[in-house]
Amino acid sequence: MKILMLINSLSAGGAEVFTVSLAVQLKKMGHDLLVYSYAGILDAKGRILQQELQEAGINHLSGVKMSFAAIWQLGKAIQTFKPDIIHTHL
């Protein structure tokens, strides 16, 4: 199954850590994942979370600081990735 996971940013916070942990476990179960963060990577913890995604073989796209361009980029990611499920953590 193709799953697109949305979150505001990768940074220090419970939702961010939960999202990355969930994505890694879903990947281990054989699902294809893409994580999209509207505001990108905001701090050192965010860089660690991005590394966890990379090590698990999960692609991560970052938006342009919550701008209209980030919404356009998300639409493009949906059209390209064609997810079966979009899971939001907003």
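User: Which residues touch the most other members of the largest nonpolar core?
Analyst: A23, L33, L53 and I58, out of 13 residues in that core. A nonpolar core here is a set of buried Ala, Val, Leu, Ile, Met, Phe, Trp, Tyr and Cys residues joined through side-chain atoms within 4.5 Å. Buried means under 20% relative accessible area, exposed over 50%, partly exposed in between (1.4 Å probe, protein chains only).

User: Which elements each supply at least two residues of it?
Analyst: β1 (2-7), α1 (14-28), β2 (32-37) and α2 (44-56). The top contributor is α1, with four residues. Helices (H or I, at least four residues) and strands (E, at least two) are DSSP runs, numbered from the N terminus.

User: Ground rules?
Analyst: This is a predicted model: local features need pLDDT of at least 70, side-chain atom pairs count only at pLDDT 80 or more, and totals for chains, interfaces and linings use all residues. Residues are numbered from 1 along each chain as its sequence is written, and side-chain values use heavy atoms, with hydrogens and water left out.

User: Back to L53. What is it in contact with, leaving aside neighbours within four places in sequence?
Analyst: L10, V20, A23, V35, I58 and H60. Contact means heavy atoms within 4.5 Å.

User: What does the second, separate core include?
Analyst: Nine residues make it up, among them L6, L34, Y36 and A77.

User: New topic. W72: buried or exposed?
Analyst: W72 counts as exposed because its relative accessibility is 57%. W72 lies in helix α3 (residues 68-81).

User: And I41, where is it found?
Analyst: In the loop between β2 and α2. I41 counts as partly exposed, at 24% relative accessibility.
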